[in-house]
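Trainee: Please take me closely through the strand pairing in this model, together with the side chains that pack around the strands. I would like one connected account.

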Amino acid sequence: MRLSVVVPCYNVEAYAAQTLRSLRGNAADGIEFLFVDDASTDATPGILQAAAAELPGSRILTREVNGGLAATRNVGINAARGEYLTFLDGDDFVAPGYYPKLLATIERLGCDLVRTDHVQVRGRERVVHRINHGPRRVVSSPRRAILPVDQVTSVDAPYAWAGIYHRRLVDSGMLHFSEELRTCEDRPWNWRLHLQARSFAVVGLLGVYYRRDVANSLTRVADERQFDFLPAFDQIVALVQADPEADLLLPKAIRSYCAIVLHHLSQSSRYQPELARRLAWRCRQAIERLPQHSLRQVVSGLDRPRARRINALLEAA
């Protein structure tokens, strides 16, 4: 088996037909499709069963208890038989022939992972999202794609499905997700790959279509699961602190942490008042427990409004 496509599914009956149709346009010898149903409560299981009879190379795995995206992906990873793995969320879709092209790309480059651009979908709108890294199709160390501190880089694009990964990343323990994270699970996962994988490349191959308008997506649900960005970035900081180049890379991790804290606080009006207060309290605690010397270094490089907001969090902690 050359490629395993892991497709976690939870209550995706409204989108499954297009997803499955797109996968039929990618069926080929040596490619398997692993559908992992995360205890769906709608018509998703029946749709998957019907599709499996028509889609070559497909298997269906079922979780008895809903466990979230990280746990569901891990089930697929554990069952995968391919030399390479990739992911597709059950409400997204891919272009015809995309996976054979993606597979040929990583086989030609011979690296641990290849990252790709993708298309974001809102209704009829299509917007290309490019990974900020160059040159393209050149194999290098992924840790070289973490810096500079003050720019958006490959490590800031945490899209597991926008890429393809060699099985040796599974065997070395890098490809599994932290199951305690209900959201933001891609963030520490992506940092770990950039810190620990030996080689990667970024290519401009477009083929994944990522829906941004899914009503039941966790990114749209205003409850405490959204706060998992805090333990996710705690994991990132811990990963970087344990790295031999911690002094060089820690400012990038902390700046990213500050940026996501400020983003979530700017969205606090979407929460009920008690949850909004809890979010503010947890953000203050998070900023306070960061390495203060590195934090001061980062804050000094921020623009004045953002620096003022971070300092206000420190004063209130």
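Mentor: Three bridges join strand β7 (residues 118-122) to strand β11 (residues 208-211), and the two run parallel. Within this pairing, Gln-120 has Tyr-210 of β11 as its bridge partner. Before going further, note that this is a predicted model, in which local features need pLDDT of at least 70 and side-chain atom pairs count only at pLDDT 80 or more, while totals for chains, interfaces and linings use all residues. Residues are numbered from 1 along each chain as its sequence is written, and side-chain values use heavy atoms, with hydrogens and water left out. Strands (E, at least two residues) and helices (H or I, at least four) are DSSP runs numbered from the N terminus, and two strands pair if DSSP finds at least two bridges between them. Strand β11 also pairs with strand β5 (residues 93-94), here in the antiparallel sense and over two bridges, with Val-94 standing opposite Val-208.

Turning to the open sheet, seven strands follow one another in the order β3-β2-β1-β4-β9-β6-β10, with mixed pairing. Because β3 and β10 (200-203) stand at the edges with a single partner strand each, one side of each is left without a neighbour in the sheet. On average, and with direction ignored, neighbouring strands of this sheet are turned by 20 degrees against each other; such angles are taken between axes fitted as lines to C-alpha atoms, for helices over the stretch in contact, and run from 0 to 180 degrees between N-to-C directions.

At the β3 end of that order, strand β1 (residues 3-9) runs parallel to β2 and is joined to it by seven bridges, with Cys-9 finding its bridge partner in Asp-37. Together with helix α1 (residues 16-24), β1 and β2 make a right-handed β-α-β unit, where right-handed means that, with the strands pointing away from the viewer, the path from the first strand over the helix to the second runs clockwise. From β2 the chain crosses through helix α2 (residues 44-52) to β3, again in a β-α-β crossover that is right-handed. Six bridges join β2 to strand β3 (residues 58-63), which run parallel, and Leu-61 in β3 is the bridge partner of Val-36.

Strand β2 (residues 31-38) is itself mostly covered, since eight of its eight residues are buried (under 20% relative accessible area, with over 50% exposed and values in between partly exposed, using a 1.4 Å probe and protein chains only). In a regular strand the side chains alternate between the two faces of the sheet. On one side of β2 lie Ile-31, Phe-33, Phe-35 and Asp-37, on the other Glu-32, Leu-34, Val-36 and Asp-38, and both sets are buried.

At the other end of the order, β6 and β10 pair in the parallel sense over four bridges, and Leu-113 has Phe-200 of β10 as its bridge partner. Thr-116 lies in β6 (residues 113-116) and counts as buried because its relative accessibility is 0%. Its side chain makes a polar contact with the side chain of Tyr-98 at 3.5 Å (a pair of N or O atoms within 3.5 Å; within protein, one must be able to donate a hydrogen and the other to accept it, and residues adjacent in sequence count only if both atoms are side-chain atoms). Contact in general means heavy atoms within 4.5 Å, and, leaving out residues up to four places away in sequence, Thr-116 touches Tyr-98, Leu-102, Ile-131, Ala-162, Gly-163, Val-203 and Leu-205.

Tyr-98 leads on to the aromatic rings. Rings of Phe, Tyr and Trp (its six-membered ring) pair if their centres lie within 6.5 Å, and planes under 30 degrees apart count as stacked, over 60 as edge-to-face and the rest as tilted; the count comes to twelve aromatic pairs. Tyr-98 and Tyr-99 form a tilted pair, because their ring centres are 5.3 Å apart and their planes stand at 55 degrees; both residues are buried. Tyr-165 and Trp-189 pair edge-to-face, at 5.4 Å centre to centre and 75 degrees between the planes. This pair links distant parts of the chain, with Tyr-165 in strand β9 (residues 163-166) and Trp-189 in helix α6 (residues 186-196), 24 residues apart. Tyr-165 and Trp-189 are both buried, and ring pairs link them with Phe-87 and Phe-177 into a cluster.
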